[in-house]
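Student: Please choose a single part of this structure and look at it closely with me, starting with a simple count and then following one element and whatever lies beside it. I am new to this structure, so please go slowly and say what each term stands for.

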Amino acid sequence: DDKQGAGVDRLKKLLAEFVDNGGAIWVCSPCFKKRGLDENKLVPGATIVGGAKAVEFLATGGTSMAY
């Protein structure tokens, strides 16, 4: 779904710009599986990852933003 808030670009456009500028979109594996989502419908640049990868990334100084 392509959501938009007042005065903000479409979410798909914002995600594409984020990835084009080197951003990584990680999708929580347990959350994804629990909801029975379709892997083929992920936005370009999104990767399903487990908690260990996120912990490793954050423990080595990585930053994150979650919704």
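**A close look at strand S1**

Tutor: If a disulfide is taken as a pair of cysteine sulfur atoms within 2.5 Å, the count for this predicted model comes to zero disulfides. Because the model is predicted, local features need pLDDT of at least 70 and side-chain atom pairs pLDDT 80 or more, whereas totals for chains, interfaces and linings use all residues. Residues are numbered from 1 along each chain as its sequence is written, and side-chain values use heavy atoms, without hydrogens or water.

Two cysteines make a useful start. Cys-28 counts as partly exposed because its relative accessibility is 36%, the partly exposed class lying between buried, under 20%, and exposed, over 50%, with a 1.4 Å probe and protein chains only. Cys-31, with a relative accessibility of 35%, is likewise placed in the partly exposed class.

To see where the strand belongs, it helps to take the whole protein briefly. There are three helices and two strands in the protein, where helices (H or I, at least four residues) and strands (E, at least two) are DSSP runs numbered from the N terminus. Followed along the sequence, these elements come in the order α-β-α-β-α, and of the 67 residues in the protein 12% count as buried.

Strand S1 itself covers residues 25-28, and Trp-26 has its place there. The strand shows two faces: Ile-25 and Val-27 make up the covered one, while Trp-26 and Cys-28 make up the uncovered one. For Trp-26, a relative accessibility of 32% is why this residue counts as partly exposed.

What does S1 pair with, and in which sense? Its partner is strand S2 (residues 46-49), and the two run in the parallel sense over four bridges, pairing being accepted if DSSP finds at least two bridges between strands. Within this arrangement, Ile-25 of S1 stands opposite Ala-46 of S2.

Ile-25 also leads to a more distant stretch of the sequence, for Ser-64 is 39 residues away from Ile-25 along the sequence, yet the two C-alpha atoms are 9.7 Å apart in space. Ser-64 belongs to the segment that follows helix H3 (51-59), and this serine counts as exposed because its relative accessibility is 61%.

At the other end we come to helix H2 (residues 29-34), which includes Ser-29. This serine is buried, since its relative accessible area is 13%. Apart from neighbours within four places in sequence, Ser-29 is in contact (heavy atoms within 4.5 Å) with Ile-48, Val-49 and Gly-50.

Finally, a word on charged partners. A search of the whole structure finds one salt bridge, meaning a side-chain nitrogen of Lys or Arg within 4 Å of a carboxyl oxygen of Asp or Glu. The salt bridge is formed by Lys-13 and Glu-17, whose closest N and O atoms are 3.9 Å apart. Both lie in helix H1 (residues 11-20), and because they are four residues apart there, about one helical turn separates them. Lys-13 is partly exposed with a relative accessible area of 42%, and Glu-17 is partly exposed at 35% relative accessibility.
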